[in-house]
Amino acid sequence: MTSSTLSATELIVWRTMLRAQALISRRLQADLLDRHGLALGSYEVLMHLGEAPAGRLRMNDLADRVLLSRSGLTRLVDRLQREGLVVRQSCTSDARGLYAVLTAAGRARLEAATPTYRQGVRDYVLSRLDEPDLRALGTILDKLADEEIPA
């Protein structure tokens, strides 16, 4: 078998991983939209800003954290800004740089939505895994998230 060929088992595992990720994301999104009118991507932006010092991050750093393209993040922050959840601030050390900053309304929305998000994570993922499963999954995900590509 060449390195570009996948075995039946490998293909099943790959497709199952994609299906699980999509299903979990759809369920979290549905819960957040239904209860808070907040899309999953919007929640993730607010969450990262809420965890950042002074509730602000450079747009480039925020894009890396939420795994969006720069243009995708710009559109998302535009929507959040129209809703009054985020504002943009210029970077004093770099005239081209911008910060996304969580507003008081954004922090309130984040605080309201966080229990729903956490309950979804528990219901859709954590409650289905025992301690050995959780440790094994953590090890596997660490390997997959390693940014060094093996030779």
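A pocket here is an open set of points on a 1 Å grid over the protein atoms alone, where a 1.4 Å probe fits, with protein on both sides within 12 Å along at least five of seven lines. Its volume is the space filled by probe spheres set on the points, which are joined across faces, edges and corners.

**View 1. The whole chain, a predicted model.** Welcome to the overview: the protein has six helices and three strands, taken as DSSP runs (helices H or I, at least four residues; strands E, at least two) and numbered from the N terminus. Their order from the N terminus is α-α-β-α-α-β-β-α-α. The C-alpha trace spans about 55 × 35 × 25 Å along its principal axes. Of the 151 residues, 28% count as buried (under 20% relative accessible area, 1.4 Å probe, protein chains only).

**View 2. The largest pocket.** This pocket has a volume of about 1,300 Å³. Its lining (residues with an atom within 4 Å of a point) has 35 residues, and Met17, Gln21, Ile24, Leu137 and Leu141 lie nearest the centre. Two or more lining residues come from each of α1 (8-36), α2 (40-51), α3, α5 (104-124) and α6 (131-145). Helix α1 gives the most, with 13 residues. By type, the lining has 24 nonpolar residues (Ala, Val, Leu, Ile, Met, Phe, Trp, Tyr, Cys and Pro), six charged (Asp, Glu, Lys and Arg) and five polar (the others, Gly among them).

**View 3. The largest nonpolar core, with Leu46.** A nonpolar core is a set of buried Ala, Val, Leu, Ile, Met, Phe, Trp, Tyr and Cys residues joined through side-chain atoms within 4.5 Å. Of the 27 residues in this one, Tyr43, Val45, Leu46, Leu49, Leu62, Leu73 and Val86 touch the most other members. At least two residues each come from α1, α2, α3, α4 (70-82), β3 (94-102) and α5, and α2 gives the most, with six residues. Follow Leu46 to its contacts (heavy atoms within 4.5 Å): leaving out residues up to four places away in sequence, Leu46 touches Leu38, Leu80, Leu85, Val86, Leu102, Gly106 and Leu110.

**View 4. Helix α3 and the residue just after it.** In α3 (residues 59-66), the buried residues are Met59, Leu62, Ala63 and Val66. Down the helix axis these fall within an arc of 100° (directions from the axis to the C-beta atoms), so they line one face of α3. Just after α3, Leu67 has a positive phi of about 55°.

**Notes.** Residues are numbered from 1 along each chain as its sequence is written, and side-chain values use heavy atoms, leaving out hydrogens and water. In this predicted model, local features need pLDDT of at least 70 and side-chain atom pairs count only at pLDDT 80 or more, while totals for chains, interfaces and linings use all residues.

Methods
Buried means under 20% relative accessible area, exposed over 50%, partly exposed in between (1.4 Å probe, protein chains only).
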